[in-house]
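Good morning, colleagues. I would ask you to look at the sequence and the model together while I speak.

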Amino acid sequence: MSHPDLQFILTLACPNRPGIVAGVSTFLFQHGCNILEAQQFDDTESGRFFMRTVFNVVEGEAGLEALRAEFATVAEPFKATFSMRSKDEKRRVLLLASKSDHCLADLLYRWRIGEIPMDLVGIVSNHPRETYAHLDIDGIAFHHLPVTKATKLEQERDVWDVFKSSRAELAVLARYMQVLSDGLAAKLAGRCINIHHSFLPGFKGAKPYHQAHARGVKLIGATAHYVTSDLDEGPIIEQDVERISHQDQPDDLVRKGRDIERRVLARALSWHLQDRVILNGSKTVVFRD
């Protein structure tokens, strides 16, 4: 029995050498599969090879678990790490937010209309639920976890407990204005996406948009990246910029900055959920659609 309507996504990363594409395509052919999409990248700097393939089963009765187990024998000689899952499988996502809720509101809207298919398992905030009274969060588990300098480690243990108990696969810092400790960042390595403003040159500290205005910056932007122990320096997934002029006031920069942050975070999350992002050391390979 074939399953042409059921699609699977295979991603793979390994040291580059001849025969990888042939090995993958031969395996799929032998198991009655048809390749629907195929993207690959050979990183000549690192000597590593990356691949994303979408396929379906048109002959035979191969199921996901059997395909995954048998493909391990193909991956092993290439020293490849791989993932194989159903394209319809929704990842479990935990959102973290603070008082600025523009990214949270945007992701909730995209999720509710089906633009970002995910299993939203909860919202964590260091502010009470009433902060988001204007947002539609009915039916979503909400965890108010206040934090101070003295209680930071205890609060992070609670955050980690929520992540584990909800069986979340990804945490998204939707303008969550708390710096994660090295310990929590390490636990969430490759499973936590953050969004932050980007300026040329960079401005840190209080009121960055006001600092940018005072310096006459002509471009503002935002960066979505995986969280690491190095603050705002994790592997970059997506970036965008917008030109501004001398006519723009600080409030204009803040408003335009919010728009950029929303769309950049949404793209990064969507690509991660679609298995389009593969870590490559301190960088990422992003197979855009």
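I shall begin with the chain as a whole and then turn to individual residues.

What you see is a predicted model, in which local features need pLDDT of at least 70 and side-chain atom pairs count only at pLDDT 80 or more, while totals for chains, interfaces and linings use all residues. Residues are numbered from 1 along each chain as its sequence is written, and side-chain values use heavy atoms, with hydrogens and water left out.

Let me start with the overall fold. The protein chain has 7 helices and 13 strands; these are DSSP runs, with helices (H or I) of at least four residues and strands (E) of at least two, numbered from the N terminus. Along the principal axes, the C-alpha atoms fill a box of roughly 60 × 40 × 35 Å. For 289 residues, a compact globule would have a radius of gyration near 19 Å, and the value of 21 Å for the protein chain agrees with this. That radius is taken over C-alpha atoms, and the globule rule is 2.2 Å times the number of residues to the power 0.38.

How much of the chain is buried? Buried residues make up 48% of the 289 residues. Here buried means under 20% relative accessible area, exposed means over 50%, and partly exposed lies in between, with a 1.4 Å probe and protein chains only. The chain exposes about 14,600 Å², and carbon and sulfur atoms supply 51% of that area. The areas come from the Shrake-Rupley method with a 1.4 Å probe; for residues, only the protein chains shown count as cover.

As to contacts, meaning heavy atoms within 4.5 Å, consider those with a separation of 6 or more: residues 24 or more positions apart account for 66% of them. The charged side chains number 36 positive and 38 negative, and the centres of the two sets lie 5 Å apart. Lys and Arg count as positive and Asp and Glu as negative, whereas His and the chain ends are not counted. Each charge is placed at NZ of Lys, CZ of Arg, CG of Asp or CD of Glu.

I now turn to helix H7. This helix covers residues 250–273 and contains Val264; Ala266 and Ala268 belong to it as well. Val264 counts as buried because its relative accessibility is 0%. Ala268 is likewise buried, with a relative accessible area of 0%, and Ala266 is buried at 5%.

Which residues does Val264 touch, beyond those up to four places away in sequence? They are Ile195, Ala222, Thr223, Ala224, Glu238, Gln239 and Asp240. With the same neighbours set aside, Ala268 touches Ile193, Ala224, Ile237 and Glu238. Ala268 and Ile195 are 73 residues apart in sequence, with their C-alpha atoms 9.2 Å apart in space.

For Ala266, the contacts outside four places in sequence are Asp106, Leu107, Arg110 and Ile116. Ala266 and Asp106 are separated by 160 residues in sequence and by 8.0 Å in space, C-alpha to C-alpha.

Thr223 leads us to strand S9, residues 192–199, where Ser198 is found. The side chains of Ser198 and Thr223 are joined by a polar contact of 2.5 Å. A polar contact is a pair of N or O atoms within 3.5 Å; within protein, one must be able to donate a hydrogen and the other to accept it, and residues adjacent in sequence count only if both atoms are side-chain atoms. Beyond its neighbours within four places, Ser198 is also in contact with Ile220, Gly221 and Ala222.

Next, the loops. Asn126 sits between strand S6 (119–125) and strand S7 (142–144). Is Asn126 buried or exposed? At 14% relative accessibility, Asn126 counts as buried. Its side chain makes a polar contact of 2.8 Å with that of Ser98. Other contacts of Asn126 outside four places in sequence include His144, Pro146 and Tyr176.

Two further loop residues concern the backbone. Most residues other than glycine have a negative phi. Lys79, however, has a positive phi of about 55°; this residue lies in the loop between helix H2 (64–75) and strand S4 (81–86). Arg167 also has a positive phi, near 55°, and is found in the loop between helix H4 (152–165) and strand S8 (170–173). Lys79 is exposed, with a relative accessible area of 68%, and Arg167 is exposed at 56%.
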